[in-house]
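Trainee: I have a model open and want to go through its fold and its pocket. Can we take it step by step?

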Amino acid sequence: MENALLFTTILLFAELFEATIQRAPTLFGVLKKLYAYYQKSIFLFFLIQPGFYVILFIVLLTGVLNLTMVFLLAIKIFDIFYKIELIKKVFIEGKISQEIGQMLEWKMPSMFFMMGAILYPPLLFYALT
C-alpha cells in the first residue's frame, strides 16, 4: 500500500511536468512545442514524455502487469505515437485536411492539460492495489 501511494505520487508529478511542457492555447500550439523537441532529436521528444517511463519503470520494478496496467501503457503508447503522426502530417508532409486544420485551431480549456494528471494516477493506484 505504501509503495502504491509513493508510485502514484511520482506519476502525478511526472504528469504535471508533462502537462506544463505541453501547455498551449490550441492543439496546433502543442504540436508546435513538441515539434521543436522533435526537430532537435527524436530522443529528446521521447524524454519529455516522463509519464510513460514512470509507468514502465513501475511495471518492471513491481512485476504487476494486470489489465489496468496494460491499459495505462497502451494509452501512453497510443498518445506518444499519435503525437508523432500529427507532427509528421502537419509539419513534415504539410498534408492535412481542412477539417483537421480547423480542429488544430480550436481553443483548449486549461483543464484539458490536467486530464493526464487526473486520470492516470488513480488508475495506477487501482492497478497496484
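What follows is a short exchange on the fold, one helix and the largest pocket.

Trainee: Which elements make up the protein, and how many helices are there?

Mentor: Keep in mind that this is a predicted model. From the N terminus on, the elements run α-α-α-α-α-α-α. Strands number zero, and the helix count is seven.

Trainee: What percentage of the 129 residues is buried?

Mentor: Buried here means under 20% relative accessible area. The protein exposes about 8,000 Å², with 72% of that from carbon and sulfur atoms. Of the 129 residues, the buried part is 39%.

Trainee: How far does helix H4 reach from its first C-alpha to its last?

Mentor: H4 covers residues 50-62, which is 13 residues. At 1.5 Å a residue, the expected value is 18 Å. The model comes close to that, at 18 Å.

Trainee: Which helices are included in what covers the buried residues of H4?

Mentor: The buried residues in H4 are Pro50, Gly51, Phe52, Val54, Ile55, Ile58 and Val59. Their cover includes helices H1 (2-22), H3 (42-47), H5 (67-93) and H7 (115-128).

Trainee: Which element gives the largest share of the lining of the largest pocket?

Mentor: The largest pocket holds about 570 Å³ of space. Its lining has 22 residues, and Gln22, Asp79, Lys83, Phe112 and Tyr120 are the closest to its centre. H1, H2 (27-40), H5 and H7 each give two or more lining residues. The largest share, seven residues, is from H5.

Trainee: How many charged residues does that lining have?

Mentor: Sort the lining of the largest pocket by class. Nonpolar residues number 15 and polar ones two. The charged count is five.

Note on methods. Residues numbered from 1 in each chain as written. Predicted model: local features only at pLDDT ≥ 70, side-chain atom pairs only at ≥ 80, totals over all residues. Heavy atoms only, no water. Helix = DSSP H or I, 4+ residues; strand = E, 2+ residues; numbered from the N terminus. Expected span 1.5 Å × (residues − 1). Buried < 20%, exposed > 50% of the residue type's maximum accessible area, 1.4 Å probe, protein only. Contact = heavy atoms within 4.5 Å. 1 Å grid on protein atoms, 1.4 Å probe; cavity = no way out; pocket = protein on both sides within 12 Å on 5 of 7 lines; lining within 4 Å. Points joined across faces, edges and corners; volume = space filled by probe spheres on them. Nonpolar A, V, L, I, M, F, W, Y, C, P; charged D, E, K, R; others polar. Areas by Shrake-Rupley, 256 points an atom, 1.4 Å probe, with all protein chains shown as cover.
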